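Please walk me through this protein structure step by step, in a way that a first-year student can follow.

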Amino acid sequence: MMRILSVLLLILLSTGTQATCVILLHGLFRTPSSLIKLEKALIEEGFATVNRGYPSRKHPIEVLADLAIEPALKACPEGEGVSFVTHSLGGILVRQYLTHHAMPQLERVVMLGPPNKGSELADSLGNVDGLEWIHGPAGLQLGTGHSSVPNQLGRVDFDLGIIAGDRSINWILSLIIPGEDDGKVSIDNTKVEGMNEHIVLPVNHAMMMNNPEVIEAVIAYLKEGKWEY
């Protein structure tokens with residue numbers, strides 16, 4: 001609570017105040033600490049931020065979406081617009097949530113490495129014994145088939161900018177993924193019908209949220225709704 005109040009005070013005192021609350025959503029296996037560097041950069045730009053965790057390996061996407069987003073919305077200052085910055089699975093949670101909930105205060109969404117058409121890794125490893133225990137129910141829902149959750153959600157109808165990566169730190173996994181990829185998701189599969197902007201940066205899936213160029217691009221999109229690339 002004290003942390004949120006301090007952030008609000010910073011915003012009130014800032015000459016570059018952004019009347020937007022930015023909700024950060026981490027990916028599968030990750031925690032809020034993976035987004036701390038990005039969070040600090042957003043605060044320095046005058047954004048109120050909410051960076052909370054959710055049990056990514058314990059529930060299916062349909063449950064995780066509400067568990068992650070409802071408390072975060074309540075933590076945002078009342079009356080402000082809301083934007084999202086997500087990594088990987090976090091982007092699918094936003095799509096799931098917005099498919100079933102109206103959000104008139106929504107401004108913009110930036111997704112980092114989202115499996116918007118699923119990932120071939122989920123297809124290839126889906127029948128491996130013990131995978132559900134490792135990745136949880138949500139991980140098994142991220143395949144590329146027509147019935148996967150990302151492909152059942154359809155086109156987006158909100159202001160969305162997507163940042164994909166084309167570097168991999170795991171060439172074995174990249175062999176499973178057709179085309180250029182970030183080690184977990186192909187560039188093509190980060191795209192979704194209805195998106196506003198899409199860029200590719202020289203980053204890998206695991207650490208893209210800490211890359212200075214990615215952070216700069218996130219801030220630019222939240223402010224301007226476009227990229228000059």
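The paragraphs below go from the chain as a whole to its nonpolar cores, then to its charged pairs, and end with one buried glutamate.

This is a predicted model, and its confidence should be looked at before anything else. The mean pLDDT of the chain is 90, with 87% of the residues reaching 70 or more. Over residues 4–17, however, the pLDDT is below 50, although this stretch still has 14 contacts in the model beyond its near neighbours in sequence. Where pLDDT is low, the predicted coordinates should not be read in detail.

Turning to the overall build, the chain contains 10 helices and 6 strands, and 51% of its 229 residues count as buried. If one takes the contacts between residues at least 6 apart in sequence, 76% of them join residues that are at least 24 apart.

The buried part can be explored through its nonpolar cores. The largest of these has 37 residues, and within it Ile23, Phe84 and Leu89 touch the most other members. Several elements each supply at least two residues of this core, namely strand E1 (20–25), helix H3 (61–75), strand E3 (81–87), helix H4 (89–100), strand E4 (106–112) and strand E5 (160–165). Helix H3 gives the most, with 8 residues. To see what such a position looks like, one can select isoleucine 23, which, leaving aside residues up to four places away in sequence, touches Val50, Ala72, Leu73, Cys76, Val82, Ser83, Phe84 and Val85. Apart from this core lies another one, of 24 residues, which includes Leu35, Val110, Leu112 and Ala217.

Charged side chains offer a second way into the structure, and a search of the whole of it finds 6 salt bridges. In one of them, aspartate 159 and arginine 108 meet through their side chains, with 3.1 Å from N to O. This pair links distant parts of the chain, since aspartate 159 is in the loop between helix H7 (149–152) and E5 while arginine 108 is in strand E4, 51 residues apart. Aspartate 159 counts as partly exposed because its relative accessibility is 23%, and arginine 108, at 21%, is partly exposed as well.

Another salt bridge joins glutamate 193 to arginine 155, where the closest N and O atoms are 3.1 Å apart. Glutamate 193 lies in the loop between helix H9 (187–190) and strand E6 (197–201), and arginine 155 in the loop between H7 and E5, so this pair ties together parts that are 38 residues apart in sequence. Both glutamate 193 and arginine 155 are exposed. A further salt bridge is formed by the side chains of lysine 226 and glutamate 228, at 3.7 Å from N to O; here lysine 226 is partly exposed, with a relative accessible area of 42%, whereas glutamate 228 is exposed, with 69%.

Finally, what does a buried glutamate without a salt bridge have around it? Glutamate 120, in helix H5 (residues 120–125), is such a case, for the nearest side chain of opposite charge, that of lysine 117, is 9.4 Å away. The side chain of glutamate 120 does make a polar contact of 3.3 Å with the side chain of asparagine 189. Not counting residues up to four places away in sequence, glutamate 120 touches Thr144, Ile176, Ile177, Pro178, Ser186 and Asn189.

Key
Residues are numbered from 1 along each chain as its sequence is written. This is a predicted model: local features need pLDDT of at least 70, side-chain atom pairs count only at pLDDT 80 or more; totals for chains, interfaces and linings use all residues. Side-chain values use heavy atoms; hydrogens and water are left out. Helices (H or I, at least four residues) and strands (E, at least two) are DSSP runs, numbered from the N terminus. Buried means under 20% relative accessible area, exposed over 50%, partly exposed in between (1.4 Å probe, protein chains only). Lys and Arg count as positive and Asp and Glu as negative; His and the chain ends are not counted. A salt bridge is a side-chain nitrogen of Lys or Arg within 4 Å of a carboxyl oxygen of Asp or Glu. A polar contact is a pair of N or O atoms within 3.5 Å; within protein, one must be able to donate a hydrogen and the other to accept it, and residues adjacent in sequence count only if both atoms are side-chain atoms. Contact means heavy atoms within 4.5 Å. pLDDT is the predictor's confidence in each residue, from 0 to 100. A nonpolar core is a set of buried Ala, Val, Leu, Ile, Met, Phe, Trp, Tyr and Cys residues joined through side-chain atoms within 4.5 Å.
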